[in-house]
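I opened this entry to look up how some helices pack and whether anything is enclosed inside. My notes follow the structure.

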Amino acid sequence: MLVRRFLSSASASLPPTIRQLLALPPPPSAAAIQVNGWVKSIRRQKKVAFAVISDGSSEPGLQAVFTDVTLAKHLTNGASVRLLGTLADSPGAGQAKELQVSEAEVLGECDPESYPIQKQRLTIEYLRDHCHLRARTREIGAMLRLRDSTTRAIHDHLHSNGFLHIHTPILTSNDCEGAGETFRVVPSSDTPTDSSNPPPSGTTHAAPSEYFGHPAYLTVSSQLHLEAVAASISRVYTLSPCFRAERSQTSRHLAEFWMLEAEWAFTSSVAELCAVVEGVLRHVLRAACSGPELAELAGAHDPRPALRVLADAPQPWARMSYTDAVARLAAHHAQNPSAFAFAPGWGKALQSEHERWLAEECVRAPVFVTDYPAALKPFYMRANAPDDAGGQAGGGERGTVACFDLLVPGVGELVGGSLREERLALLEAAIARHGLSRAEYEWYLDLRKYGGAPHGGFGLGFERLISWISGIESVRECIAMPRWAGRMLL
């Protein structure tokens, strides 16, 4: 009996989605099929009714034809329905197939008067206020499908290059970036321990506000955990949520976002890091241009021709050192004093306006900027030799580190990466120089003590990638449920 039940459940399958129905040849004319979805539009005539049904699997819906108009009597925009009928070639213009309905059931009613997602154009702010329903709009639905296809392209490319997908922790005991912009995690209950019910003998009881016995945070980066795994499994990556308590209100920042991060051992070249990142992005661009999602998102400006040029360019994308970038920025600023709000200079961080100018005006294409001053970067980046990129050794006043930022038009910084400092003495000095607790990073030093190998990696902001590919201006429209300072509706 158990075996029979298992075989029965294993052979069962879900009904096809609308995307699958539209892509496959029609079944035999007598075959009845089931379609589930939401009503996007309904049009009634005296002897026939038409409805467009969507299940979110594709931008085009499926036209349902009701020759028995009483079956469509209770259909309204937004209602969820289950239809039974036959799929046939459509004689009308605008769709290749239609469902000739024989049975209809309203699963969830929807009042058309109060339904928040009306047919007229809805503002971005209105949809942010109704983010629990905005996936029903054409633009957000297409964006979510683009996230899905981009995720699959990333996995496919990295797997084909020998990378292993790792599930890294969300909770962490450290601030990887050292910027202090972390969310601290504490128990929701701060009730003191009942003195009449002490903890078992031989155990310690942490203070109620420190569940783990020491401060814990939501991760801002999985890099350090990936480094630990990469010391055993040489090529690893993760695509996971990150959290940053940054109060910036720009179109490029979210408090909760997703990061593609990769680490691999036995690399000692920034050029190789850049080549791997470029390979991932070229593959993603080709996948995006060949899929339907960008066509669904394209308005007056179709991004696909420009993206195809970047994906298939015969030469590697541009590279320049930080020193060279600052020289170009300074020359432009000298000729145009009002060009930048922040004057560029060696040793200063590149502002968003500087990054955008380099990508959009100077190079007019993606550009890798390498070898930044050590003072601008986290402790773990590998110090350059004195003659690298016009700087001095990593600890000096003009010392640089072996790193890169990828700047792209319309976004600015998209990817950041570096070689990691594998030399124990130099890493110990960097930890001390940054004022970090050696005790908290003892495990990190162990990775160098016990068979440490040259290694490096990168982090890519996933919402920024979607913004760049799609042309969507704000990353708040590149994620299902956006969160930023002062705003978290769900």
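The entries below cover three helix pairs and then the cavity search.

**Entry 1, helices α4 and α6.** I kept in mind that this is a predicted model. I looked up α4, residues 138-160, against α6, residues 270-290, and found that their axes come within 9 Å and cross at roughly 135°. The two helices are therefore oblique to each other, as an angle over 145 would be needed for roughly antiparallel. I noted the crossing of α4 past α6 as right-handed. On the α4 side the contact uses Leu-146, Thr-150, Ala-153, Ile-154, Asp-156, His-157 and Leu-158. On the α6 side I listed Gly-279, Val-280, His-283, Val-284, Ala-287 and Ala-288. By class, I have 8 nonpolar, 4 polar and 1 charged residues in the contact of α4 with α6.

**Entry 2, helices α9 and α10.** Next I took α9, residues 322-335, and α10, residues 352-362. Their axes lie 11 Å apart, and the packing angle is about 85°. That value falls in the range 65 to 115, so I recorded α9 and α10 as roughly perpendicular to each other. From α9, the residues in contact are Ala-325, Arg-328, Leu-329 and His-332. They meet His-354, Trp-357, Leu-358 and Cys-362 of α10. I sorted the contact of α9 with α10 into 5 nonpolar, 2 polar and 1 charged residues.

**Entry 3, helices α11 and α12.** I then turned to α11, residues 424-433, and α12, residues 442-449, whose axes come within 10 Å and cross at roughly 165°. With the angle over 145, α11 and α12 are therefore roughly antiparallel to each other. I entered their crossing as right-handed. Leu-424, Leu-427, Glu-428 and Ile-431 of α11 touch Tyr-444, Leu-445, Arg-448 and Lys-449 of α12. The contact of α11 with α12 has 5 nonpolar residues, no polar ones and 3 charged ones.

**Entry 4, cavities.** How many cavities of 30 Å³ or more are there? My count came to 1. I have the volume of the largest cavity as about 40 Å³. Which residues line the largest cavity? I wrote down Arg-128 and Cys-131, then Pro-482, Arg-483, Trp-484, Arg-487, Leu-489 and Leu-490. I split this lining into 5 nonpolar, no polar and 3 charged residues. The charged ones are Arg-128, Arg-483 and Arg-487.

Methods
Residues numbered from 1 in each chain as written. Predicted model: local features only at pLDDT ≥ 70, side-chain atom pairs only at ≥ 80, totals over all residues. Heavy atoms only, no water. 1 Å grid on protein atoms, 1.4 Å probe; cavity = no way out; pocket = protein on both sides within 12 Å on 5 of 7 lines; lining within 4 Å. Points joined across faces, edges and corners; volume = space filled by probe spheres on them. Axes fitted to C-alpha atoms, helices over the stretch in contact; angles between N-to-C directions. Helix = DSSP H or I, 4+ residues; strand = E, 2+ residues; numbered from the N terminus. Parallel < 35°, antiparallel > 145°, perpendicular 65-115°, else oblique. Left-handed = near helix turned anticlockwise from the far one by under 90°. Contact = heavy atoms within 4.5 Å.
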